[in-house]
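With the model open in your viewer, please set the display so that side chains can be switched on one selection at a time. The tour below moves from stop to stop, saying what to select and what is there.

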Amino acid sequence: MQDYIDIANKNGVILLNRGSCQFCGAETKRGIHECIEIFSLGFQLIDYSKPENHIYRFLSVDAHTLQHPEIHGRWNNHFHLTRQHLMFHYQIQWNYSFSPKLSNYLNLYKAGKSEEYLVPPKIFARGNITVTDLINKAANESDCQEMIKRWGMEVYNSWSRHHETVDGIADEFIKILPSLSQKAAIPRQGETDKKQII
């Protein structure tokens, strides 16, 4: 992945080295740099060796990326918001094999939409939950799972002005991948994760 500092420079964004994260408001001391470090370490309370927990990796990657679009390429917004839409709206059972297929589909899509741009929500208006909430407030795996789901939904809802656009992408993507018709990707509160995902 291209270095986030290089992308910020390309986007004309000055990254701050002190205080809270300038994009999501995470209570850090070294700004966006610490925010990314925390995220890159993952959320250790979750055992990602279990296939039923992979969903939380997808949800957290999408949430963090869409909270910090200034340090990613502009088509990343399409990818991560579409994946969120497929999981939240269509309840798709996402797995690692689908991600490169969605990326390939978006490469075809953007060939005819070179001017399309998903304008991000305002800074600090992309969901209230941040990485520091996850590491400071989640006491166990279940807490962390529930918080990641809420985090993902908050960020997804903050991008609601573009849901119609990504719905069109998701609808066509589902048509070319019939296996995506499987449901119940995201475990609902009170139901076991394994039962919902497998």
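Begin by selecting Asp171, keeping in mind that this is a predicted model; Asp171 is partly exposed, as its relative accessible area is 30%. Next add Lys175, which is exposed, with a relative accessible area of 55%. The side chains of these two residues, Asp171 and Lys175, form a salt bridge in which N and O are 3.5 Å apart. To see how the backbone places them, display helix H8 (residues 163–176): Asp171 and Lys175 are four residues apart in this helix, so about one helical turn separates them.

Keep Lys175 selected and add Glu172, which counts as partly exposed at 35% relative accessibility. Here too the side chains meet in a salt bridge, with 3.2 Å from N to O between Glu172 and Lys175. Glu172 and Lys175 both belong to helix H8 and are three residues apart, which is about one turn of the helix. With the three side chains shown together, you can trace the network of salt bridges that links Asp171, Glu172 and Lys175.

Now leave helix H8 and select Arg126 together with Glu70, which form a salt bridge whose closest N and O atoms are 2.6 Å apart. What does this pair tie together? Arg126 lies in the loop between helix H5 (98–111) and helix H6 (131–137), while Glu70 lies in the loop between helix H3 (54–67) and helix H4 (75–88), so the salt bridge ties together parts that are 56 residues apart in sequence. Are Arg126 and Glu70 buried or exposed? Both Arg126 and Glu70 are buried. Should you wish to look for the other pairs of this kind, the structure holds seven salt bridges in total.

For the last stop, select Gln22, which you will find in the loop between helix H1 (4–10) and helix H2 (31–40). Gln22 is buried, with a relative accessible area of 15%; the cut-off for that word is under 20%. Follow the side chain of Gln22 to the backbone nitrogen of Leu16, which this side chain reaches at 2.7 Å. Then display the surroundings: setting aside neighbours within four places in sequence, Gln22 is in contact with Val13, Ile14, Leu15, Leu16, Ile32, Ile123 and Phe124.

Note on methods:
Residues numbered from 1 in each chain as written. Predicted model: local features only at pLDDT ≥ 70, side-chain atom pairs only at ≥ 80, totals over all residues. Heavy atoms only, no water. Salt bridge = Lys/Arg side-chain N within 4 Å of Asp/Glu carboxyl O. Helix = DSSP H or I, 4+ residues; strand = E, 2+ residues; numbered from the N terminus. Buried < 20%, exposed > 50% of the residue type's maximum accessible area, 1.4 Å probe, protein only. Polar contact = N/O pair within 3.5 Å; in protein donor to acceptor, adjacent residues only side chain to side chain. Contact = heavy atoms within 4.5 Å.
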